[in-house]
Amino acid sequence: MANTQAMCTSFKAEILNGIHALGTTVIRAGTGADTVKAALYLASATVNAATTAYSATGEVSGTGYTAGGITATNATAPTSSGTTAYWTPSASFTYTTVTLTTSFDCVLVYNSTQSNKAISAHTFGAQTITAGTFVLSMPTNDSTNALTRIA
Amino acid sequence: MIVTTTKGEMDDSLLEKREGSVDNDNENTTWVEYWLAGDVVHRSAHVRLKKSIVSQTEIGNF
């Protein structure tokens, strides 16, 4: 046997599960899963790795769309496979009967339970929706394709 | 088929249907539009993301 330097895979999944709090202030209060939401952003907005939290600035607006976006279905807890921890919402993001006439190309996934802190931003070809439905399908929830992975 | 439009619920036989798709490394997207008298009265889109977000972890050396 030999020792091998590594980030423990269990730690990666536990980060996603909120087990570790290495800072000086633990602000978690509940014991249930947090509520995750998904907001759409205009193609002219600036949402990227530097985004720290949900903001209405640059968010789409239009008939049928509620500021803050939709609540993601989160029925599958984060897990790991191999050395990768991963998590994917368990249903598509669906914005039903909306009219969004200004083109948008980004969805921000964020934690509405924890002060709307940002999780990830995902871009796609610019879209508009007219009295229709916008569906953002989730990838397969595995270590290769999951929406959010820590490798 | 009844379609929700900016003019209300309409039978699709009264509308011109246009469809399209985009398939690249990032996404597979399909969309459908219904037109009436030169105006888009319905547009829906379905985006299937292909790329996930990966965060690489590293540990430091002593």
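How many helices and strands make up the secondary structure of chain A? Select chain A in your viewer, keeping in mind that this is a predicted model, and you will find one helix and seven strands. Followed along the sequence, these elements take the order α-β-β-β-β-β-β-β.

**Chain A as a whole**

With chain A still selected, turn it along its principal axes, where its C-alpha atoms fill a box of roughly 60 × 35 × 25 Å. If you colour by confidence, the mean pLDDT of chain A is 90, and 97% of its residues reach 70 or more. Among the elements of this chain, helix H1 (residues 9-16) has the lowest mean pLDDT, at 84, while strand E2 (residues 70-71) has the highest, at 98. Chain A has 151 residues, of which 31% are buried, and among its contacts with a separation of 6 or more, 70% join residues that are 24 or more positions apart.

**The strands E1, E5 and E6 of chain A**

Next, select strand E1 (36-42) and strand E5 (93-111) of chain A, which pair in the antiparallel sense over seven bridges. One residue to pick out here is Lys37(A), whose bridge partner in E5(A) is Tyr110(A). Now add strand E6 (117-137) of chain A to the selection; E5(A) and E6(A) are joined by 12 bridges and run antiparallel. Within this pair, Val107(A) has His122(A) as its bridge partner in E6(A). Move then to the hairpin of E5(A) and E6(A), which has five residues between the strands, and look for Ser115(A), which takes a positive phi near 55°.

**The nonpolar cores**

Which residues touch the most other members of the largest nonpolar core? In this core of 28 residues, they are Ala39(A), Tyr41(A), Val107(A), Leu108(A) and Val109(A). The elements that give two or more residues to the core are E1, E5 and E6 of chain A, together with E5 of chain B, and E5(A) gives the most, with 10 residues. Centre the view on Val107(A) to see a part of this arrangement: leaving aside residues up to four places away in sequence, Val107(A) touches Ala38(A), Ala39(A), Leu40(A), Phe93(A), His122(A) and Leu136(A). Another core, of seven residues, lies apart from the largest one, and its members include Ala85(A), Tyr86(A), Trp87(A) and Leu147(A).

**Chain B as a whole**

Select chain B next, whose secondary structure comes to zero helices and six strands, so that from the N terminus on its elements run β-β-β-β-β-β. Its C-alpha atoms fill a box of roughly 70 × 20 × 20 Å along the principal axes, and its radius of gyration is 20 Å, whereas a compact globule of 62 residues would have one near 11 Å. Buried residues make up 21% of the 62 residues in chain B, and residues 24 or more positions apart account for 24% of its contacts with a separation of 6 or more.

**Two residues of chain B**

Zoom in on Val22(B), which has its place in strand E3 (residues 16-23) of chain B. Val22(B) counts as partly exposed because it has 15 C-beta neighbours inside 10 Å. Not counting residues up to four places away in sequence, Val22(B) touches Gly125(A), Glu27(B) and Thr29(B). If you draw a distance from Val22(B) to Thr6(B), 16 residues apart along the chain, you will find their C-alpha atoms separated by 25 Å.

Is Asp39(B), in strand E5 of chain B, buried or exposed? Asp39(B) counts as exposed, because it has 11 C-beta neighbours inside 10 Å. Between Asp39(B) and Thr29(B), 10 residues apart in sequence, the C-alpha to C-alpha distance is 22 Å.

**Where the two chains meet**

Finally, show both chains together, where 25 residues of chain B are in contact with 27 residues of chain A. On the side of chain B that touches chain A, the elements that give two or more residues are strand E1 (2-5), strand E4 (27-36), strand E5 (39-49) and strand E6 (53-55) of chain B. The largest share, 10 residues, comes from E5(B), and the residues of this side divide into nine nonpolar, 12 polar and four charged. As a last stop, select strand E7 (residues 148-150) of chain A with E6(B), which run parallel and are joined by three bridges; here Arg149(A) stands opposite Val54(B) in E6(B).

Technical notes: Residues are numbered from 1 along each chain as its sequence is written. Chains are lettered from A and ligands numbered from 1 in the order in which they are written. This is a predicted model: local features need pLDDT of at least 70, side-chain atom pairs count only at pLDDT 80 or more; totals for chains, interfaces and linings use all residues. Two residues are in contact if their C-beta atoms, placed from the backbone, lie within 7 Å. Helices (H or I, at least four residues) and strands (E, at least two) are DSSP runs, numbered from the N terminus. Ala, Val, Leu, Ile, Met, Phe, Trp, Tyr, Cys and Pro count as nonpolar, Asp, Glu, Lys and Arg as charged, and the others, Gly among them, as polar. Two strands pair if DSSP finds at least two bridges between them. pLDDT is the predictor's confidence in each residue, from 0 to 100. A residue is buried if 20 or more other C-beta atoms lie within 10 Å of its own, exposed if 12 or fewer, and partly exposed in between; C-beta atoms are placed from the backbone. A nonpolar core is a set of buried Ala, Val, Leu, Ile, Met, Phe, Trp, Tyr and Cys residues joined through C-beta atoms within 7 Å. The radius of gyration is taken over C-alpha atoms; the globule rule is 2.2 Å times the number of residues to the power 0.38.
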